[in-house]
Amino acid sequence: MPALSNPRYERFAQALFAGLAGETRVDRARSTAYLTAYPNCSNGNSAEAAASRLLRRVKPILERVRELQAESMARQQHSIDLSRDRVGRDLDLAFRTAKEQGNASAMVSSALGIAKVFHAVPNDQESPFSFKNAQSMHDVGRKLLLTVGMQNPDDRSIEQAIEANDTFVARLGQIAASQSTIDAT
């Protein structure tokens, strides 16, 4: 919800929101917020009655205050840092603390956590079709055949898959080169 179209309503809503954090009862009073928006009103009971009337009649004011509260809460919530560096630092600290305490099982847990974060230990969720752990073109050829449903590829099929991959990569190079030629003109 954007700011209220009536500037005095908006000022009243802002003052009500600010008053929620007031230190004294007077700071938190609706009449104080009303006097902020309508300074010509007489102080005391008339400001309190006018504030009460306005809140009953103009519902968007309370909606705006709730929105301001939600925005404030969203700004105050800490964002969770799940970066590999931060997680790695925390796990390293846990490992060093466990080592100082002589806690072997905690050391092992921390070391495994570090290895998983930095992919030194195979991830259970990693797909068997992933090419990240391919060590040779033979592995690439085998994985290519696995992705199309071939269960146990033999060496001859793997060689053919490598040739097909080489042809494919060469064709992609031609496409890229022709694009570069077009861009240069």
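**An all-helix model, end to end**

The protein has nine helices and zero strands. Keep in mind that this is a predicted model. Reading from the N terminus, the elements go α-α-α-α-α-α-α-α-α.

Some overall values. The protein has 185 residues, and 24% of them are buried. Its accessible surface is about 13,300 Å². Carbon and sulfur atoms hold 55% of that surface. Now contacts. Take those in the protein with a separation of 6 or more. Of these, 40% join residues 24 or more positions apart.

Let's start inside, with helix H7. This helix covers residues 104–117, and Ala115 sits in it. Is Ala115 buried or exposed? Ala115 is buried: its relative accessible area is 15%, and the cut-off for buried is under 20%. Now look from Ala115 to Leu91. The two are 24 residues apart along the chain. Their C-alpha atoms are 9.9 Å apart.

Next, helix H8, residues 137–147. Which residues of helix H8 are buried? They are Asp139, Val140, Gly141, Lys143, Leu145 and Leu146. Note that Asp139 and Lys143 are on that list, along with Val140 and the two leucines. After H8 comes Gly149. The phi of Gly149 is positive, near 100°.

That brings us to helix H9, residues 155–184. Two surface patches to show you here.

The charged patch comes up front. Which residues gather in a patch of negative charge on the surface? Asp154, Asp155, Glu159, Glu163 and Asp166. Take Glu163 as the example. Glu163 is in helix H9. Its relative accessible area is 52%, so Glu163 counts as exposed, the cut-off being over 50%.

Now the nonpolar patch. Phe168, Val169, Leu172 and Ile175 make it, and its area is about 370 Å². Ile175 is one of its members, and Ile175 also lies in helix H9. Why does Ile175 count as partly exposed? Because its relative accessibility is 41%, and partly exposed runs between the 20% and 50% cut-offs.

One reminder on helix geometry. An α-helix has 3.6 residues a turn, so residues three or four places apart point the same way. Have that in mind when you turn the model and look along H9.

To wrap up. We have nine helices and zero strands. Ala115 is buried in the model. On the surface, there is a patch of negative charge that includes Glu163, and a nonpolar patch that includes Ile175. Thanks, and over to you.

Terms used: Residues are numbered from 1 along each chain as its sequence is written. This is a predicted model: local features need pLDDT of at least 70, side-chain atom pairs count only at pLDDT 80 or more; totals for chains, interfaces and linings use all residues. Side-chain values use heavy atoms; hydrogens and water are left out. Patches are made of residues with over 30% relative accessible area and no salt bridge: like charges are joined within 9 Å, nonpolar side chains (Val, Leu, Ile, Met, Phe, Trp, Tyr) within 5 Å. Accessible areas come from the Shrake-Rupley method with a 1.4 Å probe; for residues, only the protein chains shown count as cover. A salt bridge is a side-chain nitrogen of Lys or Arg within 4 Å of a carboxyl oxygen of Asp or Glu. Lys and Arg count as positive and Asp and Glu as negative; His and the chain ends are not counted. The place of a charge is taken as NZ of Lys, CZ of Arg, CG of Asp or CD of Glu. Helices (H or I, at least four residues) and strands (E, at least two) are DSSP runs, numbered from the N terminus. Buried means under 20% relative accessible area, exposed over 50%, partly exposed in between (1.4 Å probe, protein chains only). Contact means heavy atoms within 4.5 Å.
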